[in-house]
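Open the model in your viewer and keep the selection tool at hand. The stops below go from a helix to a sheet and what packs on it.

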Amino acid sequence: MHFKNRLNLLIFANYLRKRNLMDYQFAAIEQKWQKFWAENQTFKAETNSNKPKYYVLDMFPYPSGAGLHVGHPLGYIASDIFSRYKRLKGFNVLHPMGYDSFGLPAEQYAIQTGQHPAITTEANIATYRRQLDQIGFSFDWSREVRTSESSYYKWTQWIFMQLFNSWYNLETDKAEDITTLIEKFNAAGSANVKAVCDEDVKNFMPSDWAAFTDEEKQVELLKYRLTYLKESTVNWCPALGTVLANDEVKDGFSERGGYPVEQKKMMQWSMRISAYAERLLQGLNTIDWPEPVKEMQRNWIGKSVGASVIFPISLTPTLSAGEGADNYGYETADPLLWEILKTNARVNRVNQTEAEDTLWQKIRNNQTGHKIRRQHPIGSYIADFICLNKRLIIEVDGGYHLEIQENDKIRTEALNQLGFDVIRFSNYEVLSDINLVSEKIKTELEGRPDIATKKVSNLSSLSFGEGRGEAGIEVFTTRVDTIFGVSFIVLAPEHELVQALTTEAQKEDIEKYIAQTKKKSELDRMADTKTVSGAFTGSYVINPVNNELVPIWIADYVLAGYGTGAVMGVPSGDQRDWLFAKHFNLPIIQILDAQKDIEVEADPTKEGRYINSDFINNLGYKEAISYLNHWLEREGVGKAKVNYRMRDAIFGRQRYWGEPIPVYFKDGLPYLIKEEELPLLLPEIDKYLPTESGEPPLGRATDWSYEKQYEYELSTMPGWAGSSWYWYRYMDAQNENKFASKDAIAYWKDVDLYIGGSEHATGHLLYSRFWNKFLKDLGYVNEEEPFKKLINQGMIQGRSNFVYRVVDEEGKGTNTLVSYGLRKDYKTSALHVDVNIVENEILNVNKFKEFRPEFANAEFILENGKYICGVEVEKMSKSKFNVVNPDDLIKSYGADTLRMYEMFLGPLEQSKPWNTNGIEGVFKFLRKFWRLFHNEEWVFHVDDSIPTKAELKALHKIIKKVQDDVERFSFNTSVSSFMIAVNELTDLKCKNRQVLEDLVVVLSPYAPHICEELWSLLGNTDLSNTPYPTFNPAYLQEAEFAYPISINGKMRMNLNLSLSLEQDQATEIVLANDQVQGYLEGKTPKKIIFVKGKIVNIVV
RNA sequence: GCUCGGAUGGUGGAACUGGUAGACACGCAGGACUUAAAAUCCUGUGCCCUCAACAGGCGUGCGGGUUCGAUUCCCGCUCCGAGUACCA
């Protein structure tokens, strides 16, 4: 139906007028039935039903001002077909719709225009509703909900209160009421509490707890509550004037609006979703969701199994700032010197003398009561053995060290200068009476002051290795097996220990580096992953497995927010560490015999056996991990640990248009309002902007305080609050006493089919699962997972059309436009042209002149008398003139055509550009279907004859096909099959009532309006609840089959054979066939494959 | 980089468990009807060779493999799309 010019349009209008009386009148039919469904509440789900339930849900739409474009209904049409089909199949179907009506766009609009967001929201909803209605969806509108209505957000606030009143008990592995925590505190203090909580919780006895003031108790409890107030680093978006959750930030910009986002410390409400990390991860294995969405959630949760290891900070000689540095008198922190010492230490250890080894076995592992290290670099020397805390060096002379014996005196003096004493033993002493030597060492150690504690007190913020009494740096690693390959430690520049660890000599370097890092924006830092940068702090840690000194660096490739903000650098196994080591000339130590080419790049293999790895040498990966985890735990320097990437979710927004948080503040502490005081209504304000003092808009509300004296929380809930539980409200939307009754929840249970876009993968779908699990823990709901089956509909992209304007020598546009195929002959620039005036790439020139008046007198260079436009697939957007509005299509073709066409376009889950090129085929199909029920004069006519075999076959083919297709969500293929069925029945001139009636039922989920009309013309009622026809395979059975005969796998001909024939009889007939013999060219078949009802293959 | 999808005529796509590749629709070409156009109906339409028919050859991103038989299974690559990222 294209109008090449105005004349055609007139003729078409005339044709429509003539058709009015008889042809398929989609507009009238569709209006009639939409009205009928609304008036009769046809799709109201029953609350008490003996039928099995089926819950079909579409993702909660935000009613934007732009209304629906052609991509939005795709999922709604699919879910509607499914719902209607399930009703025919005898299910009590819940298929609701509502609006996620709090949100930023309405508020941005309010800021610009001063209009109350409630008013714009209301108007947008009206548009939305009108558009939804005209597509003929079978929603149960009696259950409509809007998150911005107080009758709804009352319950969002109520759930917030439950979260505030709960803590996560790791022993029972679920959320519990906060009173059970208080009981534990009363009974046994904090000792036996295993909870997911803040890091800074106090350790206290029951008596302490009893002695706490109420305020102190509240402060402590807040660290356990599932929603809590905490100073945290947030994503602050200055342009929007609010904080954003991690999932609302994309590449350093806000998802809505694309404004820059920065990091800022603020007091914020948070949700302790991290408590549910493991359950959220495990639950994914139980639900039927698309793999990419599950994968995204897994990545978001980011579970890593590994170990935490504490690297004690070496107190010599680098941590001497304050008192040490001057005493030592020279710069031992020189990295170059370190490099040499390190290598020597390694060589020495490998080449140990018998005496050294004997002594080492006697004094290692705290056998003397003190930690002793071997081959430890001190100053410019390597000590054989050293006890750092006691500043004592033990040397064994002779053997390997013979050549330096003459230097002993100088050496001793130098070490003394560094604050160390040296005791010496000869090889002979050690080998003849090791016990005596060991006793001497012990006595010497006992008599010396322990300087470690004194040192450590300078570093009060350091973490401590359990049972060690030494300061340390905790790292998280998934490859603890590579710990012998550690050649440096890297801290994030923001790490809290950086200041403390930086030596005087390195101070300038470090400060310069931190300044440089701060200048880089978050985005630069992420984009620039190639440049290696970092700075040396001047300090060292001690690798607990081999007591080697390891230098501490800072670098921005380590993130403060993940793990402990510190990593152990293993250049041979990790490419980033490798690059770092290469750049700063740090050693690369091979630790597995299977590692290859580690001079060229890191080899992260887990294959092979360990080398250079002391006590795990010769082990394999699994044994090494398990051995080390035990070893670390026994030594008190680490343990196996699971780490999650997922952070707690920030829950407050400094905005107006959201749910008020039902909290007031007394003496700076948050308290809930009383349950019977819900809902806490959103107050009216004069302007939708922050106050002059920078408080959120709610600060403008006058007379808005709790009990006239306490200030309410001024931030509101984020956009995802209302959508995190809405599917339960649909179960019992009008309930005034509960968010939904127990009975309704028990009956409807969960969502059987959930359709929506994959953009909600890490936001809504994760938060909803979290709230659902929480509500289940508290016994309010019954299912662990809310959405059993999820389908992501593909995006409908825009398909832009272009005209080509000829440009002159200077590149200036002329008044000439050239058709697509001829544009190569000219210099042109492409201009977007409204897709609505282009049909099958042919430009409607007259409409174009109207659309772009500056081209009213333009010249058009045509090809074959037509102006052909260029095409490109882009995002659907106003600025690209490629938005297709469903209203226009419904006007031209009707809702049934639109519904079927959107399905016909291709598989639901696949993204595709919108393109109306095929819509006429679908429209023609519906007319052809309509005509089946009418005679030549368009008068309704069916007969009551007995259906023929061919008619029944066509019918039952489609009965089966549609049920198979719908069950596997393959809607596009059933549209094709409908066309085939109607084509077949048309060819058969079928007018048979029985056949046509069944056909109407089968088609009705796809094209409900036309089917309702025909159903009533056939004299029936209540199509929506008519049983789906029963498939009878007998009608499809054939006596014969045209077997494809292939020779050597190549199809040559078809041969009709009875289906009752078995292999022997069949091959006999096939081989007797002249044509077959012709193909065989006299050769004898080697083998004959016969698959009954499928194929005959002759191998020669 | 990693993870997950995908690649079939001029176009959208079909082929469900390894068994006739290209259903259905669009587009295009030809024809009927018409003064004409639109609409409608009919016929043809993967590519190559051939006047045409018959027959044949090629053909599901590329290269191999398994199999009587591969769009489908396996191995290796190329390209496109989506998500994600110094996550230790």
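Select Thr 443 and Glu 446 in helix H17: both are exposed (over 50% relative accessible area; buried is under 20%, partly exposed in between, with a 1.4 Å probe and protein chains only). Now add Ile 434, Val 437, Ser 438, Ile 441 and Leu 445, which are buried. These lie on the same side of H17 because they cover an arc of only 95° around the axis, taken from the directions from the helix axis to the C-beta atoms.

This is a predicted model, where local features need pLDDT of at least 70, side-chain atom pairs count only at pLDDT 80 or more, and totals for chains, interfaces and linings use all residues. Residues are numbered from 1 along each chain as written, chains are lettered from A and ligands numbered from 1 in written order, and side-chain values use heavy atoms, without hydrogens or water.

Next, show the four strands of the open, mixed sheet, ordered E19-E20-E18-E21 (strands are DSSP runs of E, at least two residues; helices are runs of H or I, at least four; both are numbered from the N terminus). E19 (535–543) and E21 (566–569) are the edges: each has a single partner strand, so one side of each lacks a neighbour in the sheet.

Zoom in on E18 (residues 488–491), which pairs with E21 in the antiparallel sense over four bridges; pairing requires at least two DSSP bridges. Phe 488 has Gly 569 in E21 as its bridge partner.

Finally, select helix H22 (residues 575–584), which packs on the sheet and touches E18, E20 (548–554) and E21, contact meaning heavy atoms within 4.5 Å.

Note on methods. Axes fitted to C-alpha atoms, helices over the stretch in contact; angles between N-to-C directions.
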